[in-house]
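Here is a walk through the model, one topic at a time. Keep the structure open beside the text.

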There are 6 protein chains.
Amino acid sequence: MKVVTFGEIMLRLAPFGNLRFFQESALEATFGGGEANVAVSLSFFGYDAAFVTKVPDNAIGQAAISELRKHGVNTTYIAKGGDRLGIYYLEKGMSVRASNVIYDRANSSISKASEKDFNWHQIFDNVNWFHFTGITPALSDDLANILILALKIAKEKGIKVSCDLNYRKKLWSTEKAKKVMSKLMQYVDVLIANEEDAEKVFGIKAKNADISKGKIERESFVDVAKQLVEKFNFEAVAISLRESISASLNNWGGMLYVKDKAYFSKTHNINILDRVGGGDSFCAGLIYGLNEFKDYQEVIEFAAAASALKQTIEGDFNLTTVDEVKTLIKTDGSGRIQR
Amino acid sequence: MKVVTFGEIMLRLAPFGNLRFFQESALEATFGGGEANVAVSLSFFGYDAAFVTKVPDNAIGQAAISELRKHGVNTTYIAKGGDRLGIYYLEKGMSVRASNVIYDRANSSISKASEKDFNWHQIFDNVNWFHFTGITPALSDDLANILILALKIAKEKGIKVSCDLNYRKKLWSTEKAKKVMSKLMQYVDVLIANEEDAEKVFGIKAKNADISKGKIERESFVDVAKQLVEKFNFEAVAISLRESISASLNNWGGMLYVKDKAYFSKTHNINILDRVGGGDSFCAGLIYGLNEFKDYQEVIEFAAAASALKQTIEGDFNLTTVDEVKTLIKTDGSGRIQR
Amino acid sequence: MKVVTFGEIMLRLAPFGNLRFFQESALEATFGGGEANVAVSLSFFGYDAAFVTKVPDNAIGQAAISELRKHGVNTTYIAKGGDRLGIYYLEKGMSVRASNVIYDRANSSISKASEKDFNWHQIFDNVNWFHFTGITPALSDDLANILILALKIAKEKGIKVSCDLNYRKKLWSTEKAKKVMSKLMQYVDVLIANEEDAEKVFGIKAKNADISKGKIERESFVDVAKQLVEKFNFEAVAISLRESISASLNNWGGMLYVKDKAYFSKTHNINILDRVGGGDSFCAGLIYGLNEFKDYQEVIEFAAAASALKQTIEGDFNLTTVDEVKTLIKTDGSGRIQR
Amino acid sequence: MKVVTFGEIMLRLAPFGNLRFFQESALEATFGGGEANVAVSLSFFGYDAAFVTKVPDNAIGQAAISELRKHGVNTTYIAKGGDRLGIYYLEKGMSVRASNVIYDRANSSISKASEKDFNWHQIFDNVNWFHFTGITPALSDDLANILILALKIAKEKGIKVSCDLNYRKKLWSTEKAKKVMSKLMQYVDVLIANEEDAEKVFGIKAKNADISKGKIERESFVDVAKQLVEKFNFEAVAISLRESISASLNNWGGMLYVKDKAYFSKTHNINILDRVGGGDSFCAGLIYGLNEFKDYQEVIEFAAAASALKQTIEGDFNLTTVDEVKTLIKTDGSGRIQR
Amino acid sequence: MKVVTFGEIMLRLAPFGNLRFFQESALEATFGGGEANVAVSLSFFGYDAAFVTKVPDNAIGQAAISELRKHGVNTTYIAKGGDRLGIYYLEKGMSVRASNVIYDRANSSISKASEKDFNWHQIFDNVNWFHFTGITPALSDDLANILILALKIAKEKGIKVSCDLNYRKKLWSTEKAKKVMSKLMQYVDVLIANEEDAEKVFGIKAKNADISKGKIERESFVDVAKQLVEKFNFEAVAISLRESISASLNNWGGMLYVKDKAYFSKTHNINILDRVGGGDSFCAGLIYGLNEFKDYQEVIEFAAAASALKQTIEGDFNLTTVDEVKTLIKTDGSGRIQR
Amino acid sequence: MKVVTFGEIMLRLAPFGNLRFFQESALEATFGGGEANVAVSLSFFGYDAAFVTKVPDNAIGQAAISELRKHGVNTTYIAKGGDRLGIYYLEKGMSVRASNVIYDRANSSISKASEKDFNWHQIFDNVNWFHFTGITPALSDDLANILILALKIAKEKGIKVSCDLNYRKKLWSTEKAKKVMSKLMQYVDVLIANEEDAEKVFGIKAKNADISKGKIERESFVDVAKQLVEKFNFEAVAISLRESISASLNNWGGMLYVKDKAYFSKTHNINILDRVGGGDSFCAGLIYGLNEFKDYQEVIEFAAAASALKQTIEGDFNLTTVDEVKTLIKTDGSGRIQR
């Protein structure tokens with residue numbers, strides 16, 4: 001399987017452990033970003049995954065490339081130029097204290113990229129799947145146009161397309177998001193969202209939210225998925241489901257709605273080490289599952305388990321193999337040592 | 001609001017993470033102490049907070065001052081001289097393993113301070129609130145006398161006074177504590193204590209402790225507060241309430257007794273990162289609350305939430321803003337990322 | 001009390017905290033191994049504990065010796081020579097992610113040791129107790145023979161012998177284990193095992209495992225112990241009982257079967273910092289308990305509490321004193337600070 | 001003495017020790033910038049030093065303020081707002097390998113500051129000295145204009161002004177630098193430069209550079225200073241003199257030209273720990289010297305020794321007291337332990 | 001340019017900084033080995049470099065691959081299997097204290113590799129250069145035979161071959177080395193050695209070593225090279241020249257003997273950060289130089305400067321670009337900051 | 001050889017690398033002190049070395065014992081009790097910046113020890129050599145008296161005694177030092193001093209210090225030694241000779257004066273990593289040399305080389321074997337890797 005993802009990779013600067021910002025002078029400097037995270041996870045699953053972006057032609061841009069390369073991602077199509085790599089600062093919360101993210105991503109090389117930076121015909125050669133998120137078109141109008149171009153070529157070549165809505169309020173308004181994203185949806189086969197994105201981007205809420213509490217939540221997610229399918233004619237819609245008990249303890253699972261039917265994964269009770277990238281690893285698990293398993297229940301279990309594992313791993317990347325995901329599904333998370 | 005606190009600041013030496021003492025050769029060296037912790041927390045809340053103490057005139061004393069200065073505390077009135085900064089060694093426990101503290105604070109500069117080290121008329125210029133704990137008078141007789149002098153001047157100037165009982169059995173006997181603290185109580189407007197201090201220092205227990213288990217605890221704390229008010233005529237009494245399930249997991253809250261009525265905060269279930277300074281941040285939250293909110297329920301919720309946050313932060317200091325405390329109260333600790 | 005243990009000590013290489021293998025370049029390098037861990041724990045309990053092994057005559061072998069010496073273990077009888085110290089790589093899991101162990105222990109100095117490396121008459125001079133595990137005879141046939149020799153001399157000298165079954169499937173087959181271990185059992189007074197060892201090594205399962213779920217587990221462990229005693233005529237059999245809820249959360253306890261009666265310890269709910277060496281610290285606690293307490297309930301409580309504490313401590317070694325174990329038993333793990 | 005400096009403070013991200021960029025994932029995150037460095041050094045010398053800038057209203061901007069505050073700098077006049085704190089990445093070279101700096105400072109809060117962010121009449125109240133560098137006007141045209149405004153008010157108030165030319169080719173062309181800086185020079189009393197700045201900014205070279213090699217260098221620096229004084233009517237010109245033998249070993253000194261006479265300091269042979277901020281600490285030493293010593297030789301010795309010490313200290317800031325500088329001058333760098 | 005190197009890659013475990021073995025518990029875990037080091041350096045120079053070896057199919061083997069991949073090395077032809085990755089422990093000396101290396105490389109996967117692990121026809125497709133060292137055939141007889149097979153195919157395909165003698169006394173005797181290496185020399189075009197290798201492996205010493213001291217050393221190296229060329233008909237012989245003043249300070253350069261003429265590089269005075277891999281980076285520089293420059297003086301200057309830079313970089317790998325090497329040659333190591 | 005040393009061991013707290021005090025929050029916590037350092041070094045040389053002191057009965061005292069035990073020192077005779085372990089803070093200087101030491105050793109357990117804490121008859125059983133320094137009697141009058149008692153018993157038992165003058169001006173005046181030390185000298189066989197101690201303690205200066213510069217220094221040291229021998233009838237006097245070029249670069253050697261003849265060692269040019277403990281390792285080298293070598297030149301070369309090595313090792317302890325010292329003497333510090 002050959003997969004391509006397209007978006008931004010940022011330098012991620014985080015205090016070690018659960019320290020507050022600048023409580024000590026050392027920062028953990030890694031790299032991440034929605035579509036890059038998906039590419040790394042799929043590479044760990046054994047896929048031929050390429051990540052397309054633009055980075056500055058300096059040691060920071062090179063370090064981002066090297067890190068992707070380390071994890072087996074094809075970096076051949078990454079353009080070089082522009083002024084800077086975007087940055088995000090992450091303070092990992094704990095218990096009653098929430099995590100904090102500060103973005104410093106304006107004027108990044110990718111946000112200033114132009115059409116000629118990417119040769120999509122070459123990039124999509126022999127490719128089976130293309131994935132992007134709602135962050136990419138939010139970075140600049142040029143990028144939104146480049147994305148449309150890419151999507152058209154993808155569809156011409158019969159490539160399956162998935163999109164993670166991933167609404168970021170600091171990048172654009174809900175109005176602009178709705179306008180731009182609506183245009184892109186025609187090229188999308190599989191839509192992925194978290195509990196809130198569909199409402200924020202498309203204004204889609206569960207229709208009858210006043211029924212008895214017992215089944216309300218599950219029902220409402222199914223209803224949202226149904227509306228999305230009706231409106232945009234998706235093959236499948238998947239929603240990740242997070243219940244935050246505290247910054248350290250989450251219940252986590254997912255739903256896949258396909259062929260008029262909803263499949264819910266088991267709920268994982270996770271002690272969180274690093275929740276960033278949880279949604280991205282859910283996307284990667286879903287893409288893998290849809291391509292490898294016939295049983296949709298198996299698909300959503302794989303996506304949920306993969307992304308549960310991610311949240312016990314430091315950094316944006318889900319450094320997890322297919323075997324490890326399957327073991328979790330089998331053992332139910334009992335965590336016995338593998339000697 | 002201008003606040004002054006008076007007491008000892010110590011060098012705090014702790015193994016990193018949950019290591020045992022000297023399991024590895026690196027120690028985390030920070031600074032802390034009851035009254036200094038209150039000053040830092042109030043500075044984070046936006047108050048003009050001065051801390052008064054005496055430190056040796058060397059690099060260690062200077063580092064303590066610099067650290068306070070970093071957090072915005074006014075260090076102008078800190079005297080310099082004497083032989084040493086007190087030290088405490090902290091081993092952070094975990095789960096079934098309790099934390100350990102070893103004190104090496106004898107002969108510290110502050111414990112040997114004399115009256116002429118502090119010009120209280122100048123220190124208290126335009127000040128609204130003065131806070132101390134039961135540790136300060138326990139350090140030396142001279143310090144107890146200096147404190148009485150300070151308290152007299154404070155009352156002359158109409159400054160509100162709060163005191164955290166903070167009984168330390170390694171510093172003095174319950175007899176001596178009772179004798180000295182009883183003398184000081186006439187100057188105190190707001191008394192703060194934990195579950196055990198009132199009995200240890202003043203021998204005050206809940207009167208009818210043999211009623212049915214169900215409501216016993218809440219009732220007994222109210223009764224203790226009532227007795228304290230009756231005996232010393234305090235405006236308010238606050239008690240922090242800690243239920244230790246393990247060294248990693250505590251239930252935490254507080255009670256404020258004022259104008260013949262008791263207000264209990266919500267109980268926070270906390271995963272503990274560092275519980276030292278929990279009581280001090282409760283005091284700071286209370287002082288802030290009493291000065292800012294009219295609703296006493298709001299006051300005790302603020303104090304409890306502020307000190308819950310502290311226990312998820314490394315070090316003695318509560319590096320938390322008013323906004324963060326209010327967010328916790330609103331979101332009930334669900335710990336969603338702040339992007 | 002003079003105790004001797006005999007086996008392998010390995011270099012243990014682990015990523016810091018909960019990082020995956022080689023996620024960062026730093027590794028925590030410590031030392032450990034079943035019998036060495038027992039010796040260290042007994043030294044912390046105040047016993048005169050000697051560890052017998054063979055290490056290479058280089059800086060790595062010397063570091064292993066120095067580390068044991070640091071913890072008070074008698075290293076006088078450690079032979080020097082051979083090619084290498086065995087290594088194990090440990091990745092500490094968390095929550096739904098299991099821990100991983102990779103062994104690189106082939107051709108270690110101890111696995112190539114010969115009879116003349118150890119003078120058992122001298123080693124056992126004035127010794128009261130000898131302990132080994134099923135790992136030692138699994139390392140090589142020579143070592144199994146050396147062990148038989150040692151056991152014979154131990155019995156001649158009236159030394160009590162304990163054995164922890166500790167089956168390792170990567171070292172030998174169940175067939176070979178059964179054959180070799182059966183020969184050794186005649187010298188053993190106290191047998192220790194975890195929930196699975198007895199079945200794997202001796203094929204001993206609970207006889208009637210189909211009774212109602214409620215009491216089944218406890219009953220079945222008692223039945224296994226009874227069968228072991230019947231077959232090998234042990235004085236006592238102890239079984240450690242671990243229920244893995246996740247890699248971070250375990251329920252932990254133990255059973256002691258002696259004089260036809262079973263004693264179950266309280267169950268400890270542990271947040272795991274490092275579970276490696278849990279079984280070894282259970283053995284050490286048991287050896288200490290059997291020698292110090294008359295009440296068998298007290299014995300198993302001590303063993304269970306000691307090994308619960310271990311799992312909150314980094315590294316293989318249980319750096320815990322008798323006082324700390326007793327405090328845990330008394331306070332029920334509430335984890336109050338020891339000031 | 002009250003001093004004000006005005007300019008940019010940046011987040012400085014550097015690999016630990018002598019590692020290459022991103023060779024390991026940890027970065028040392030500190031803060032620095034020409035004028036901030038001068039303020040910190042003067043604060044260590046006991047002066048009342050204020051630093052004026054604009055930082056974003058987030059945790060990164062606050063950390064910059066806290067760090068300055070820690071070192072005693074007055075941060076009252078720092079404006080808050082704008083989008084980001086500038087960043088520079090530093091790779092510390094060693095021996096034959098040069099250091100590398102990557103700037104990511106575009107669109108910083110200070111570069112976008114406007115006139116109304118600073119109330120110079122208030123800032124300059126009771127101030128004796130104002131210092132800036134050629135970096136500040138290079139950041140934006142607005143900033144150059146703000147600087148002219150500040151300089152006018154400074155001169156009205158009789159404040160002495162010093163300027164460090166500090167030409168940065170990545171910020172502006174030599175043409176623009178010449179045009180802007182020439183306008184500013186009328187307000188400057190003391191000009192400071194390194195060996196190359198005068199030529200790059202003003203095109204001033206030594207007049208007769210073809211005399212015999214022996215004295216050529218000293219003579220040529222004197223000649224450059226003389227021309228600067230003639231052209232701009234400075235009270236004094238100081239030049240720092242660095243001879244790079246390797247990235248680890250430099251010879252370092254300075255020259256002060258005042259009242260038609262040149263004073264050269266002793267040359268210090270320095271093992272370099274961190275050379276960034278060397279020039280800034282030279283400025284601070286010079287400002288201190290000119291205000292405290294009558295003997296100009298003493299002034300330049302102080303400036304040279306202070307900045308030699310800086311280069312043995314990690315980070316941009318010269319954490320050195322007057323006593324330490326004087327001890328170096330007296331002991332000639334023999335480095336005996338101070339017990 | 002496509003280059004292939006073939007040999008062992010090991011896990012390298014080193015105490016941080018200049019600590020002695022196990023002085024602290026943290027170890028820096030990186031990867032390295034003669035031929036891998038050459039491949040990484042050539043990849044940094046922009047060549048398409050593949051490294052061929054065999055690693056165990058576990059997390060340690062994978063980490064070695066990932067690290068090579070990070071640096072752009074083609075790892076497609078690395079076989080997986082066998083038991084373990086070889087290890088070397090490195091203690092970096094300083095000043096009068098020498099560095100120490102302890103090898104634990106026996107029974108590594110590569111030393112047990114068999115012919116079928118490598119498809120040389122495929123590996124050598126379109127390749128221009130093949131490099132190996134004397135370590136590879138020393139690891140096992142099978143490996144020596146595999147190497148002969150590879151060399152034959154290389155010569156058939158017209159690939160240039162270079163060999164670094166790299167004699168290791170712990171791997172084989174001088175007799176065996178001579179026997180095996182002599183057989184391989186017929187396939188070698190360019191031989192590289194340090195000052196001692198030629199004598200140890202082939203018994204070749206300078207012929208008239210008793211002439212006047214002044215020129216003796218240079219002459220004797222030329223003479224050794226001449227003899228090597230005469231005996232084995234090499235196109236070129238290069239010798240790295242190290243003068244150890246202390247573990248921290250070395251003089252370093254090289255000689256290239258080609259077409260009957262010797263070219264000596266400038267001598268670099270290096271402060272050593274990590275000298276391991278110095279010889280390998282010399283090989284890589286030489287290979288690059290011979291392929292890129294016509295002037296042989298330029299070739300040897302490049303090789304010497306490249307390997308001088310390596311010794312200021314932590315780890316086995318020379319993380320240095322062509323531009324950096326050229327800058328060093330131009331600037332003569334003065335170490336000015338690159339802003 | 002059985003050796004006993006007697007004195008204080010302190011907790012040593014130092015910033016990592018060359019950081020200034022409290023520049024970062026981590027401190028390196030190790031242990032050291034003159035006589036403890038000698039014991040550790042002799043243990044590394046293969047001697048049976050016991051260290052006698054008193055430490056508090058808490059985790060800090062125990063850690064000091066464990067650290068000594070790790071290095072093979074006999075800790076059987078260490079008394080437990082008293083209030084605290086002394087502390088010294090060390091800031092390692094570099095280049096022109098000197099190191100700093102801050103002592104916080106008052107009221108340590110050893111300074112408050114009493115006669116009954118030590119059973120000298122038992123301690124000295126079968127002992128060959130006893131060593132102390134001038135620090136021990138300076139700590140308290142009681143300790144001076146205990147030392148006299150120990151010395152008397154030592155002489156009764158025919159034990160050789162060495163003393164390192166080690167004058168510390170912060171512990172006592174030169175007057176008191178002279179008075180106390182003069183009394184002790186009658187028991188001393190071998191006196192060791194640095195360049196300044198003899199003058200400070202006994203007022204002994206070189207007699208004719210105005211001869212021509214060339215030989216003056218060597219001659220003057222010989223003269224001082226001669227006077228010491230004449231006055232106190234020592235068997236031998238040794239003086240360590242340090243020339244501080246900077247905090248990073250020292251010339252180091254020693255002189256031994258015995259049987260009316262002076263032996264000077266070679267001078268070592270040392271890059272300093274950690275100079276603390278240099279004098280103590282010189283003492284240990286001397287004690288070893290006097291017991292093992294007949295040639296006095298060999299003795300002083302050993303002492304000088306051993307202590308040169310120490311200064312390249314972090315911490316107070318000289319972690320160096322006899323082989324390593326001999327290799328340095330043979331290879332002249334060229335620092336070749338030991339593979």
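How many of the 15 residues of α10(A) are buried? The answer is 12, leaving the helix mostly covered. A word of caution before going on: this is a predicted model, and everything below should be read that way.

## Helix α10 of chain A

Let's stay with α10(A), which runs over residues 296–310. Its end C-alpha atoms sit 21 Å apart, and 15 residues at 1.5 Å a residue should span 21 Å, so the length agrees with expectation.

The buried set starts with V299(A), I300(A), E301(A) and F302(A), carries on through A303(A), A304(A), A305(A) and A306(A), and finishes with S307(A), A308(A), L309(A) and K310(A). What do these buried residues pack against? On the strand side, the partners are β12 (236–244), β13 (249–258), β14 (261–264) and β15 (268–271) of chain A. Two helices of chain A join them, α9 (278–292) and α11 (322–331).

## Chain A as a whole

Zooming out, chain A holds 11 helices and 15 strands. Its radius of gyration is 19 Å, and the globule rule gives 20 Å for 339 residues, so chain A is as compact as a globular protein of that length. Along the principal axes, the C-alpha trace covers about 55 × 50 × 40 Å.

Of the 339 residues in chain A, 58% are buried. How far apart in sequence are the residues that touch? Taking contacts in chain A between residues at least 6 apart, 70% link residues at least 24 apart.

## The α10 and α11 pair in chains C and D

Now for some helix packing. Two packed helices are described by the angle between their axes and the distance between the axes. In chain D, the axes of α10 (residues 296–310) and α11 (residues 322–331) come within 9 Å and cross at roughly 105°. Angles of 65 to 115 degrees count as roughly perpendicular, and α10(D) and α11(D) are therefore described that way. From α10(D), the contact uses E301(D), F302(D), A305(D), A306(D), A308(D) and L309(D), while α11(D) brings E324(D), V325(D), L328(D) and I329(D). Sorted by class, that contact has eight nonpolar, no polar and two charged residues.

What about chain C: at what angle do α10(C) and α11(C) pack? The angle is about 105°, with the axes 9 Å apart, which makes α10(C) roughly perpendicular to α11(C). The residues involved are E301(C), F302(C), A305(C), A306(C), A308(C) and L309(C) from α10(C), meeting E324(C), V325(C), L328(C) and I329(C) from α11(C). The class count here is eight nonpolar, no polar and two charged residues.

## Helix α2 of chain D

Back in chain D, α2 covers residues 59–70. Its 12 residues reach 16 Å from first C-alpha to last, close to the 16 Å expected at 1.5 Å a residue. Its buried residues are I60(D), G61(D), A63(D), A64(D), I65(D), E67(D), L68(D) and R69(D). Just past the end of α2(D), G72(D) adopts a positive phi of about 85°.

## An asparagine with positive phi

Most residues other than glycine have a negative phi, and most peptide bonds are trans. Against that background, N107(C) is worth a look: its phi is near 65°, a positive value in a residue other than glycine. N107(C) sits in the loop between β8 (100–104) and α3 (120–123) of chain C. Is N107(C) buried or partly exposed? With 17 other C-beta atoms within 10 Å, N107(C) is partly exposed.

Chain D has its own case. N107(D) is not a glycine, yet has a positive phi of about 65°, and lies in the loop between β8 (100–104) and α3 (120–123) of chain D. N107(D) counts as partly exposed, having 17 C-beta neighbours inside 10 Å.

## Where chains meet

Which residues of chain C face chain B? In total, 18 residues of chain C are in contact with 19 residues of chain B. On the chain C side, β15 (268–271) and α10 (296–310) each supply at least two residues, and β15(C) gives the most, with three. The class split for that side of chain C is eight nonpolar, seven polar and three charged residues.

Chains A and E also touch, through five residues from chain A and five residues from chain E. The side of chain A that touches chain E has no nonpolar, three polar and two charged residues.

Technical notes:
Residues are numbered from 1 along each chain as its sequence is written. Chains are lettered from A and ligands numbered from 1 in the order in which they are written. This is a predicted model: local features need pLDDT of at least 70, side-chain atom pairs count only at pLDDT 80 or more; totals for chains, interfaces and linings use all residues. Helices (H or I, at least four residues) and strands (E, at least two) are DSSP runs, numbered from the N terminus. The expected span of a helix is 1.5 Å times one less than its number of residues. A residue is buried if 20 or more other C-beta atoms lie within 10 Å of its own, exposed if 12 or fewer, and partly exposed in between; C-beta atoms are placed from the backbone. The radius of gyration is taken over C-alpha atoms; the globule rule is 2.2 Å times the number of residues to the power 0.38. Two residues are in contact if their C-beta atoms, placed from the backbone, lie within 7 Å. Axes are lines fitted to C-alpha atoms, for helices over the stretch in contact, and angles run from 0 to 180 degrees between N-to-C directions. Angles under 35 degrees count as roughly parallel, over 145 as roughly antiparallel, 65 to 115 as roughly perpendicular and the rest as oblique. Ala, Val, Leu, Ile, Met, Phe, Trp, Tyr, Cys and Pro count as nonpolar, Asp, Glu, Lys and Arg as charged, and the others, Gly among them, as polar.
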